[in-house]
Amino acid sequence: MGIIIKSQREIASIKEAGKILIELFDLLESHTKPGISTWELDKIAERFIRSKGAIPSAKGYGGFPGAICISVNDVLIHGIPSKKVILKEGDIVSYDCMATLKGYVADACRTFPVGEISPSAKKLIDTTRNAFFEGVKLVKPGIHLGDVSHAIEMCAKKEGYTLTSDYTGHGVGCKVHEDPYVPNVGKPGTGPVLQKGMVIAIEPMVNEGKVDLIVLDDEWTVKTKDGKLSAHYENTVAVTDNGYEILTLKEEEGN
């Protein structure tokens with residue numbers, strides 16, 4: 001397919017979709033409490049996205065049944081919303097959300113605590129977020145994508161965590177998944193060279209324990225093999241003249 005370079009108008013359209021996700025995360029965080037099912041949370045997300053005139057991009061994508069992916073504790077990604085999965089005190093939960101507005105897609109993920117969580121769980125969430133910012137701060141025209149990937153990898157590994165190379169970030173904007181792949185492990189000076197107008201989803205997916213994963217029989221849910229926690233943090237990022245713009249983040253949340 002090749003890497004799609006977006007115009008300023010297209011990037012502005014992706015940012016409008018991104019604003020929906022920013023508001024959605026606030027809404028989901030307010031409902032992230034013990035006793036609620038991931039099915040209920042999915043319905044809340046779908047109603048909100050549609051109320052903004054957008055489409056939940058995940059719904060039906062490749063047959064995925066939910067409006068968003070909701071991954072609890074040892075589920076790394078692609079958790080299917082379920083009436084049987086009830087949040088409980090001490091859990092951590094990742095909401096991976098996409099919205100398509102007027103044909104343009106924004107993609108982002110946040111991991112939230114459910115009530116009071118352990119210090120180790122908080123450290124995992126914080127490190128996953130920090131890894132994103134360690135990577136994104138290198139984004140500018142002329143930089144190899146491998147530099148970004150390496151920075152993410154080093155941030156997580158220095159805290160003793162692991163990152164899969166089986167699942168990656170990706171180009172986004174005109175479609176849900178575009179070129180290039182955006183790995184969370186990599187070597188400096190390798191990979192595609194970033195240029196103005198590229199829009200990528202950078203998304204550290206960090207395991208507390210070993211790197212080994214299993215895919216459940218539903219063919220979607222990806223869990224850690226050792227049952228240890230995982231966290232996920234993602235934003236849609238545009239490459240600008242001399243740096244980057246995060247299209248799915250409140251200005252005051254930047255690092």
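No disulfides are present in the predicted model. Cys97 takes part in no such bond, and the cysteine sulfur nearest to that of Cys97 belongs to Cys109, 7.1 Å away. Seen from Cys109, the closest cysteine sulfur is likewise that of Cys97, and the separation of 7.1 Å is too far for a bond. Cys97 has a relative accessibility of 0% and therefore counts as buried; Cys109, also at 0%, is buried as well.

Aromatic contacts were searched for across the whole structure, and five aromatic pairs were found. One of these joins Tyr95 and Phe112, whose ring centres are separated by 5.9 Å and whose planes are inclined at 50 degrees, a tilted arrangement. Because Tyr95 belongs to strand S4 (residues 92-101) and Phe112 to strand S5 (residues 104-113), this pair ties together parts that are 17 residues apart in sequence. Both Tyr95 and Phe112 are buried.

A further tilted pair is formed by Phe133 and Tyr233, since the ring centres lie 6.1 Å apart and the planes meet at 45 degrees. Phe133 is located in helix H3 (residues 119-136), whereas Tyr233 occupies the loop between strand S13 (230-232) and strand S14 (235-239); the pair therefore ties together parts that are 100 residues apart in sequence. Phe133 and Tyr233 are both buried. Together with Phe132, these two residues make up a cluster linked by ring pairs.

A contact between a charge and a ring was also identified: the charged end of Lys83 is positioned over the ring of Trp39, at 4.5 Å from the ring centre.

Terms used. Residues numbered from 1 in each chain as written. Predicted model: local features only at pLDDT ≥ 70, side-chain atom pairs only at ≥ 80, totals over all residues. Heavy atoms only, no water. Phe/Tyr/Trp six-rings, centres within 6.5 Å; stacked < 30°, edge-to-face > 60°. Helix = DSSP H or I, 4+ residues; strand = E, 2+ residues; numbered from the N terminus. Buried < 20%, exposed > 50% of the residue type's maximum accessible area, 1.4 Å probe, protein only. Lys NZ or Arg CZ within 6 Å of the ring centre and 35° of its normal. Disulfide = S-S within 2.5 Å.
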